Amino acid sequence: MMNKEELAPHVKEISRVLEGKVKEQDIERDLDNYLNVYRMSVEASRRHIVRKYGGDPNALAKGSNKTLAQLGLNEGSVDILARVMSSTTREITVSGTPKTIQSGVLADEAGTTVKFTVWDLTKADLKPDTNYLIRYAYTREWNGQPEVHLGNRVVVEERPQEEITVPEGVSVPPAGGRSAPQTVKVSGLSDGMNNITLTGRILSLKSREVDTPSGKKTMFSGIMADETGRVEFTAWEDFKLREDEVITVSNGYVKGWKGIPRISFGEKADIARPNGEFPSAEELSKEVRRSIESIEQAGGAFDVVTTGTIVDIKKGTGLIFRCPECNRVVLKGVCQIHGKVQQVPDLRIRVIVDDGFAAMTAVMKREVSEALTGVTLKEALDEARETMDTEAISQRFEERLLAKPIELRGTVMSDDYGLSMTVTEAKFATPDVRSEAEALLSKIEVI
Ligand SMILES: [Zn+2]
């Protein structure tokens, strides 16, 4: 049980995000209810309350406040209080487009120093000899050390000069340009990275001829993997790649497709064949678990498994009808392109899945929907004929899905509406939490 004192910082944070529009005692009552009566996690409760009152759950601080010495190599979201010791801007090229970034060195009261990079100067512009509270930063490994990255979700607040006293004589490493390649794992890939070094095993490989201005050329593509995930690659030169070998690509770059990171390497790249242990193809083909939040940070992911709770059922879930020509969903047998058509029935599920930190849309085609709900297309059609109503199926789907913890496998892409997973496998994460979850959901919806 969480007591009043333990609830207090969360109440304050929720109140901050809701800009004081809701009384703190109301927030406290809700929080107490979700945590202590419905046994929801703190993170999920905070997000539910903010959403309930019309706020943006993503504006909540993640609550992980760290000193620089405590920073891990791959932090998803951290809050840091630090002084900027040095800062410079420089121009880099991301996927052929020039971009200005800022880099420098941070220090804290313990005298620990860490390099930082600001990727979006409209979100943060850090002045030297100034103290900042930096929220929603993340870290990546660089030569065995964490580096702090300020991405497009960062929130920076200037703090008073007396708040941090950096011990005298702290040696500040030169910020420097990134001339050496950056070593990354598959899960750390995101669109726009360049000069990266990645080691992985080639799981599949195919070649095809393409026409280029300088004549016909053979390009190679496939899937490579390390222990953190799988990624599609394209090689624009013939590096004599073979299926199942382990390669280290240097000076590769990441070009995303709908947010899904893909690695490319061309004539500037080097391929090495390292000796030593590396997981087998079989091990690397197993499911790779990622949180929705980590997928969100990468912008998308290829063939991953994630878990969360179904918090909303989208329109167009259940029995739908499609145009036989273009596969679009038709209304009353009329396709917006092809007019009156012989409509083809189909089953589909579209839901919002939230893991307490981030959310995504999950889209399931017929086979996946049937396996998950136990309702086949034929049964759905029979029922719709009997009742002359397709809504009944949607209703049944909603009852079966809403508030359920679920485990999903698929490829996640992003667009203007956020993350969307094309689901290949779905199963409920725990068999029977139904009544409790329903009670919780109805509570949330009603208030
Ligand atoms: Zn059509």
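Begin with two selections, domain 2 and domain 3: their centres, taken over C-alpha atoms, are 29 Å apart. This is a predicted model. Keep both domains coloured and look at where they meet. Five residues of domain 2 are in contact with five residues of domain 3. On the domain 2 side, two of these residues are nonpolar, two are polar and one is charged.

**The whole chain**

Now zoom out. Colour the protein chain by its four domains: domain 1 covers 4-59, domain 2 covers 65-163, domain 3 covers 182-284 and domain 4 covers 292-446. Turn on the cartoon view. The protein chain has nine helices and 22 strands. Along its principal axes, the C-alpha trace spans about 80 × 70 × 40 Å.

How much of the protein chain counts as buried? The share is 32% of the 447 residues. Next, consider contacts between residues at least 6 apart in sequence. Of these, 61% join residues at least 24 apart.

**First stop: helices α1 and α2**

Select residues 4-17, helix α1, and add helix α2, residues 24-37. At what angle do α1 and α2 pack? The angle is about 120°, and the axes are 9 Å apart. Oblique is the word for angles between 115 and 145 degrees, so α1 is oblique to α2. The crossing of these two helices is right-handed.

Show side chains at the contact. From α1, pick L7, H10, V11, I14 and S15. From α2, pick E24, I27, E28, L31 and D32. Colour them by class: five are nonpolar, two are polar and three are charged.

Stay on helix α1 and select R16. R16 has 13 C-beta neighbours inside 10 Å, so it counts as partly exposed. Now add L60, which is 44 residues from R16 along the chain. The C-alpha atoms of R16 and L60 are separated by 8.5 Å.

**Second stop: helices α2 and α3**

Keep α2 and add helix α3, residues 42-52. These two helices pack at an angle of about 140°, with axes 10 Å apart. Angles over 145 degrees would count as roughly antiparallel, so α2 is oblique to α3. Their crossing is right-handed.

Which residues make the contact? On α2, select I27, D30, L31, Y34 and L35. On α3, select V42, S45, H48 and I49. By class, this contact has six nonpolar residues, two polar and one charged. Two residues of α2, I27 and L31, are also listed in the contact with α1.

**Third stop: the loop before α2**

Select K23, in the loop between α1 and α2. Is K23 buried or exposed? It has 10 C-beta neighbours inside 10 Å, so K23 counts as exposed. Now add E245 and draw a distance between the two C-alpha atoms. The separation is 61 Å, for residues 222 apart along the chain.

**Fourth stop: around β12**

Move to D244, in the loop between β11 (229-235) and β12 (246-254). The phi of D244 is near 75°, a positive value in a residue other than glycine. D244 counts as exposed, because it has 11 C-beta neighbours inside 10 Å.

Go on to N251, which lies in strand β12. What is the phi of N251? It is positive, about 60°, although N251 is not a glycine. With 15 C-beta neighbours inside 10 Å, N251 counts as partly exposed.

**Last stop: G299**

Select G299, in the loop between α5 (292-298) and β15 (301-313). G299 has 20 C-beta neighbours inside 10 Å, so it counts as buried. Show what G299 touches, leaving out residues up to four places away in sequence. The list is S190, D191, G256, G259, P261 and S414.

Finally, add T390. T390 and G299 are 91 residues apart along the chain. Their C-alpha atoms are separated by 35 Å.

Conventions
Residues numbered from 1 in each chain as written. Axes fitted to C-alpha atoms, helices over the stretch in contact; angles between N-to-C directions. Helix = DSSP H or I, 4+ residues; strand = E, 2+ residues; numbered from the N terminus. Parallel < 35°, antiparallel > 145°, perpendicular 65-115°, else oblique. Left-handed = near helix turned anticlockwise from the far one by under 90°. Contact = placed C-beta atoms within 7 Å. Nonpolar A, V, L, I, M, F, W, Y, C, P; charged D, E, K, R; others polar. Domains from an automatic or database assignment. Buried ≥ 20, exposed ≤ 12 C-beta atoms within 10 Å, placed from the backbone.
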